[in-house]
Amino acid sequence: MELFLQQVMTGLATGSVYGLVALAIVLIYRSTDVINFAQGEMAMFTTFFAWMLIDGSFLGFHIHPLHFWIAFALTLVFAATMGALLERIVIRPVEGRPILTIVIVTLGLFSIFNNLATWSWGGIPKAFPAPPEIHVTGITFFGDGALDIGPTVISYHDLTIMVVAVGIMLALYVFFQYTPIGLAMRGTAQNPVAARLMGIHVGNILTLGWALSALVGAVGGMMIAPLVLLQPPMMMGVLLYAFAAAVLGGMDSPPGAVVGGLTLGIVENLVGTYTTEEYLHVDWFGPEMKLTAALVVIVLVLLIRPTGLFGRRALRRV
Amino acid sequence: MLRPIIARRKLLAFALLAFFLFYWIPFSHVFPGWGPFPLQFGSYRVFQATTIAMWAIVALGLNLLTGYNGQISLGHGAFVAVGGYTAAILMFDHGWPFWATIPVAGFMTGTVGFLVGVPALRLTGPYLAIATLALAISTPQILLKYEGLTHGSQGINVNSPPPPAVLDGVLNQTQWLYFLALVIAIIMTIIAWNIVRSRVGRAFVAIRDSEIAAQAMGISVPRFKTMAFAISAFFAGICGGVYVQVIGFVSPRSFDVLQSINYLTTIVVGGLASILGSILGAAVFVLVPEVNSLLEGLHLPAADQAPDVLYGASLILVMIFMPYGFAGFIRRVGRLQPPLVMQSFSDFFGQIGLRVRTARSVLPGGSGGASTPRKEGPRPDASDREKEDGSS
């Protein structure tokens with residue numbers, strides 16, 4: 001039981017990261033119908049930016065190493081700017097083209113970011129720091145330790161991941177539900193033409209969507225980096241899980257992305273734990289096939305609900 | 001008067017093409033005295049041409065599915081793997097002759113494609129893309145796990161077939177494999193050509209453009225959609241069979257996810273819903289690494305990653321400036337219409353906020369054709385259609 005809870009907790013933590021990146025994918029898909037294959041690499045790139053700030057070697061110049069959370073905030077600004085610029089310069093020219101064209105453009109971005117990162121920072125994995133300890137009135141937050149919660153323990157970093165993920169999700173919820181810009185974004189996602197008629201500058205909203213998505217992805221990158229080591233291919237696995245999570249939840253549903261991510265994280269961890277020789281005495285299955293198992297589950301879910309758990313069915317006018 | 005002239009011109013073009021494919025590529029390097037003539041095809045070039053023929057087969061199949069039928073597949077690497085492993089196992093474990101394994105690989109993979117196509121009926125757009133991507137991701141893991149059948153991570157080594165005794169001394173190994181791949185690719189091209197211009201091909205296109213309209217015209221949508229999957233997988237299986245003969249080796253690593261994504265890139269860059277596009281895409285794709293050696297020749301202070309960065313950038317530029325891929329570009333040039341490049345160029349700067357005057361209005365063909373680019377060419381994706389929100 002302890003092991004089970006332990007694995008569920010770890011699953012929730014990694015699942016939060018999948019959920020964050022899935023959220024980033026969904027944010028773009030909802031408003032523009034684009035599946036952004038470069039999402040993971042954008043997150044990786046911005047995480048390298050954060051690493052430079054924390055490490056104190058900015059593009060070869062020595063700078064004063066910044067505190068984790070200051071670097072975190074600066075990275076968010078950088079990510080949002082990068083996302084907005086990408087939308088303006090690279091995506092805007094192919095707007096309205098067939099979906100596959102845009103998908104190939106994002107694959108091009110994937111290749112550019114991946115290889116630029118290898119070029120600039122090399123392929124050697126770098127340790128990315130977890131958020132440092134903070135003491136508030138005698139209670140320690142973050143840092144290396146683990147929190148004892150009755151039947152099981154949870155490491156501070158896993159806790160940080162979950163807290164940050166929940167924070168981002170709440171912030172997005174408030175943004176979409178209670179701010180005029182959020183309302184404009186929802187309107188644009190549902191019907192760009194009507195939104196334009198209502199006086200919304202659809203172009204700016206799309207740019208904002210990309211900025212927001214890059215920002216959410218960057219948070220995901222900085223949260224997973226301490227676990228997987230910072231290196232150019234670090235987001236590939238995460239990206240595949242995030243796609244799967246987004247599809248599982250429904251490509252146009254932000255809450256779905258989160259639920260999909262958490263489910264996938266838990267399923268992955270449990271399958272990885274309970275299919276070892278110790279528990280499962282068959283030779284046609286094992287923990288090395290946990291990704292396959294997770295994908296089979298997703299395909300089965302899709303067969304029953306073709307637009308994911310929370311996705312709306314797209315009705316077509318004939 | 002006109003018809004015979006066109007026919008003669010076509011005949012001439014075919015003769016030139018045949019000369020190039022059947023004589024120049026495989027044999028030009030044996031000409032004495034040609035020296036550093038740039039169009040001489042060395043042994044390595046012949047191998048590259050073989051690879052192009054091989055990838056063209058799978059690109060044709062994927063284009064039938066994605067370009068003509070509108071179903072996205074990110075999992076064709078899995079189908080190539082099934083074909084490749086079928087051929088390799090039959091040759092290695094059962095001692096079949098190579099020529100018998102290729103069609104079996106095709107039909108085996110076609111069956112698998114049919115089985116994948118049935119559940120795929122329920123999925124569209126990104127959901128289908130991710131479900132097929134899942135297929136591509138799982139394939140290497142499955143191949144690794146069931147090593148009793150697949151020989152696990154060490155893969156299967158197969159001897160590439162030597163030239164038959166009749167041709168001994170005429171063709172060396174590389175040339176023989178080239179002809180093998182070329183002839184199969186030509187047969188597959190003819191098959192694809194005929195499918196596209198038949199009732200089946202028109203049904204594919206009708207379903208892509210509107211499933212409901214197609215249904216109203218009496219086309220069985222499920223039947224033709226699964227058929228598209230099966231045919232497409234058949235092509236991929238044949239490619240897998242040829243792959244084993246040419247490379248002589250299969251392992252789970254031969255068929256990773258990137259491979260599947262590359263196939264999709266190939267057909268989009270080459271041109272969706274175009275036979276020529278599939279072949280051009282394969283050629284572009286095989287020849288891209290050549291840029292690498294070009295850059296090395298320039299002695300730029302760039303790292304190993306420079307060609308890949310350029311590759312990514314050129315993918316984006318091709319998509320911006322050649323909306324219908326290389327085939328669309330050539331089609332317009334052939335019709336003496338200005339290629340969409342100029343139009344896209346001004347659009348590009350217009351859209352990022354700069355206005356540039358281009359001379360497109362004075363180009364032959366006028367702006368009439370250029371101003372309605374979206375009417376032409378394929379609309380390959382279902383999610384491209386008007387979506388309505390049902391709940392509001």
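**Exercise 1. Classify Arg253(B) by its surroundings: is Arg253(B) buried or exposed?**

Step 1. This is a predicted model. Count the C-beta neighbours of Arg253(B) inside 10 Å: there are 12.
Step 2. Apply the cut-off: a residue with 12 or fewer such neighbours is exposed.
Step 3. Arg253(B) therefore counts as exposed.
Step 4. Place Arg253(B) in the chain. It lies in the loop between strand 2 (249–250) and helix 11 (257–270) of chain B.
Step 5. Add a distance. Arg253(B) and Met322(B) are 69 residues apart in sequence, and their C-alpha atoms are 33 Å apart in space.

**Exercise 2. Do the same for Arg196(A): in which element is Arg196(A) found, and how many other C-beta atoms lie within 10 Å?**

Step 1. Find the element: Arg196(A) sits in helix 7 (residues 192–197) of chain A.
Step 2. Count: 15 other C-beta atoms lie within 10 Å of Arg196(A).
Step 3. Buried needs 20 or more, exposed needs 12 or fewer. With 15, Arg196(A) is therefore partly exposed.
Step 4. Check the distance to Ala184(A). The two residues are twelve positions apart in sequence and 9.7 Å apart in space, C-alpha to C-alpha.

**Exercise 3. Explain whether the radius of gyration of chain A agrees with a compact globule.**

Step 1. Take the chain length: 318 residues.
Step 2. A compact globule with 318 residues would have a radius of gyration near 20 Å.
Step 3. Chain A has 20 Å, so the value agrees.
Step 4. Look at the extents. The C-alpha trace spans about 60 × 55 × 40 Å along its principal axes.
Step 5. Look at burial: 50% of the 318 residues count as buried.
Step 6. Look at contacts. Of those in chain A with a separation of 6 or more, 71% join residues 24 or more positions apart.
Step 7. List the elements: chain A has eleven helices and seven strands.

**Exercise 4. Describe how strand 5 and strand 6 of chain A pair.**

Step 1. Locate the strands: strand 5 covers residues 146–149 and strand 6 covers residues 152–155.
Step 2. Give the sense. They pair antiparallel, over four bridges.
Step 3. Name one bridge: Ala146(A) is partnered by Ser155(A) in strand 6.
Step 4. Look at the connection. The two strands form a hairpin with two residues between them.
Step 5. Inspect the turn: Gly150(A) has a positive phi of about 65 degrees.

**Exercise 5. Two residues have a positive phi although neither is a glycine. Where do Leu229(A) and His151(B) lie?**

Step 1. Recall the background: most residues other than glycine have a negative phi.
Step 2. Take Leu229(A). Its phi is positive, about 70 degrees.
Step 3. Leu229(A) is in the loop between helix 8 (202–228) and helix 9 (234–249) of chain A. It has 13 C-beta neighbours inside 10 Å, so it counts as partly exposed.
Step 4. Take His151(B). Its phi is positive, about 65 degrees.
Step 5. His151(B) is in the loop between helix 6 (147–150) and strand 1 (156–157) of chain B. It has 20 other C-beta atoms within 10 Å, so it is buried.

**Exercise 6. Characterise helix 2 and helix 4 of chain B.**

Step 1. Helix 2 (residues 43–68) has 26 residues. From first to last C-alpha it reaches 36 Å, close to the expected 38 Å.
Step 2. Helix 2 bends by about 30 degrees at Leu62(B).
Step 3. Helix 2 is mostly covered, with 21 of its 26 residues buried.
Step 4. Gly70(B) follows helix 2 and has a positive phi, near 75 degrees.
Step 5. Helix 4 (residues 98–120) has 23 residues. Its reach is 32 Å, close to the expected 33 Å.
Step 6. The buried residues of helix 4 include Gly106(B), Gly110(B), Gly113(B) and Gly117(B).
Step 7. The buried residues of helix 4 pack against helix 3 (76–94), helix 5 (125–145) and helix 10 of chain B.

**Exercise 7. Which elements of each chain have the lowest and highest confidence?**

Step 1. Chain A averages a pLDDT of 83, and 92% of its residues score at least 70.
Step 2. In chain A, strand 4 (residues 139–141) is lowest, with a mean of 63; helix 3 (residues 68–91) is highest, at 92.
Step 3. Chain B averages 80, and 77% of its residues score at least 70.
Step 4. In chain B, strand 3 (residues 388–389) has the lowest mean, 37, and helix 10 (residues 221–247) the highest, 95.
Step 5. Over residues 355–392 of chain B the pLDDT is below 50. This stretch has 70 contacts in the model beyond near neighbours in sequence.
Step 6. The model scores ipTM 0.82 and pTM 0.83.

Definitions and conventions: Residues numbered from 1 in each chain as written. Chains lettered and ligands numbered in written order. Predicted model: local features only at pLDDT ≥ 70, side-chain atom pairs only at ≥ 80, totals over all residues. Rg over C-alpha atoms; globule rule 2.2 N^0.38 Å. Contact = placed C-beta atoms within 7 Å. Pairing = 2+ DSSP bridges. pLDDT = per-residue confidence, 0-100. Expected span 1.5 Å × (residues − 1). Bend = angle between axes of the 7 residues up to and from the residue.
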